[in-house]
Amino acid sequence: MDSLIKVEDGNEENPNLSEFNPPPASFKGRLNLAHYSFSPKIKPEPARQSPRLHPTTNSTSKRKSTHHLTPSPSPTKKSKSKSRSPSGYAPPSTYAHLPELRDVLQNNLICVFIGLNPGIETARSGHAYAHPSNLFWKLLHSSGCTPRRCSPEEDGDLPRLFGLGNTNIVARPTRNGSELSKGEMDDSVAVLEEKIRVCRPEAVCLVGKSIWESVWRVKHGRKIKKEEFRYGWQDEGENMGVVKEGEEKWEGAKVFVACSTSGLAASLKPAEKEEIWRELGVWVEQRRNERASALVEQVIEHAEEQDF
């Protein structure tokens, strides 16, 4: 063979493989390939010890390894969070292109509903509580304030059909209530009081806790306490639109505080909202029936006078 060379004693050997001294090939059985495979020298692992036996050593090494393995904050996520516009106050110029919502008011109504301010959909459509997610028209019907469910387009017919009206504490539209400031709301209370003083409804319903909080701050000069707040009818001393002087003194409109009907308001369960509104609905329904009965009596009396 070409790879073999002769040495002085006459034996043939392979200089490249001599140092490994492999066992001679045998054809008596199968070759034992384990002798020719590579086997790295592996150091035996030390026996694992319970962390309870060595708390100091193991906890230290564990803290070190955790420190090295903790990934640094992703710069991509940071940049995304910074790019988001925070929800907060929006100046009037932001939605100056949208029209204000007209008031639906008339003298001597049973109840006037006072909302926070028009939303985008309401301002665009020109009708109160026009967003599909708003529960106003649903609760108005289920509570008994109206005998049937009305659509936003019927807001102008509320006085004629049901003796109800509608206005807002702030006239300008925004996307949500957080884009109004507390100062702006408080400054609007005087305008609201004057509206009530002029049209003199029997009652007003404040559609949302924040509206009553604003009215309270202006009337009492401080923030309302948690234990002082309640939904439903308020004390007679809280009546709105009171006229104390002059010939036409007026005790003011009774105040009912209802929960917000906005689709974003999720602090109360649907059943809880129904319960709050039902209290108002029972009273409105009763007053509407009483007014209708009184009207019938007037017609009968007038007809009897004509006969004589």
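1. A contact here means heavy atoms within 4.5 Å. With that in hand, look at how the chain is tied together: among contacts between residues at least 6 apart in sequence, 68% join residues at least 24 apart. Keep in mind throughout that this is a predicted model.

2. Some bookkeeping on the fold. The protein chain has nine helices and seven strands. It runs to 308 residues, and 32% of them count as buried.

3. Now the core. The largest nonpolar core is made of 27 residues. Phe113, Phe136, Leu164, Cys205, Trp277, Leu280 and Val284 have the most contacts inside it. Two or more residues each come from strand 3 (111-115), helix 4 (136-142), helix 5 (158-162), strand 5 (203-207), strand 7 (254-258) and helix 9 (270-307). Helix 9 is the top contributor, giving five residues.

4. Phe136 is a good residue to click on if you want to see this core. Leaving out residues up to four places away in sequence, Phe136 touches Phe113, Tyr129, Val207, Thr261 and Trp277. Two of those names, Phe113 and Trp277, also appear in the list of residues with the most contacts inside the core. Apart from that core lies another one, of 25 residues, with Ile169, Met185, Ile211 and Val255 among them.

5. Met185 is a handy way into that other core. Met185 sits in helix 6, and its relative accessible area is 6%, so it counts as buried, the cut-off being under 20%. Not counting residues up to four places away in sequence, Met185 touches Leu116, Ile169, Val170, Leu180, Ser210, Ile211 and Ser214. Met185 and Val215 are 30 residues apart along the chain, yet their C-alpha atoms are separated by 8.5 Å.

6. Which residues of helix 8 are buried? They are Ile211, Trp212, Ser214, Val215, Trp216 and Arg217. An arginine is in that list, namely Arg217. The cover over these buried residues includes strand 3, helix 6 (182-187), helix 7 (189-199), strand 5 and strand 7.

7. On geometry, helix 8 spans residues 209-220, twelve in number. From its first C-alpha to its last, helix 8 reaches 16 Å, close to the 16 Å expected at 1.5 Å a residue. Just after helix 8 comes Gly221, which takes a positive phi of about 70 degrees.

8. Where is the centre of the largest pocket? Of its 41 lining residues, Leu116, Asn134, Gly177, Ser260 and Ser262 lie nearest to that centre. The volume of the largest pocket comes to about 960 Å³. Helix 3 (120-125), strand 4 (164-168) and helix 8 each give two or more residues to the lining. Helix 3 gives the most, with four residues. Leu116 is worth a second look, since this pocket-lining residue is also one of the residues that Met185 touches.

9. Last, the cysteines. How many disulfides does the structure hold? Zero. Cys111 is in no disulfide, and the nearest cysteine sulfur, that of Cys205, is 5.4 Å away; a disulfide would need the pair of sulfur atoms within 2.5 Å. Cys111 counts as buried because its relative accessibility is 0%. Cys150 counts as buried too, because its relative accessibility is 6%.

Notes. Residues are numbered from 1 along each chain as its sequence is written. This is a predicted model: local features need pLDDT of at least 70, side-chain atom pairs count only at pLDDT 80 or more; totals for chains, interfaces and linings use all residues. Side-chain values use heavy atoms; hydrogens and water are left out. Buried means under 20% relative accessible area, exposed over 50%, partly exposed in between (1.4 Å probe, protein chains only). A nonpolar core is a set of buried Ala, Val, Leu, Ile, Met, Phe, Trp, Tyr and Cys residues joined through side-chain atoms within 4.5 Å. The expected span of a helix is 1.5 Å times one less than its number of residues. On a 1 Å grid over the protein atoms alone, a cavity is a set of points where a 1.4 Å probe fits but cannot get out, and a pocket is an open set with protein on both sides within 12 Å along at least five of seven lines; lining residues have an atom within 4 Å of a point. Grid points are joined across faces, edges and corners, and a volume is the space filled by probe spheres set on the points.
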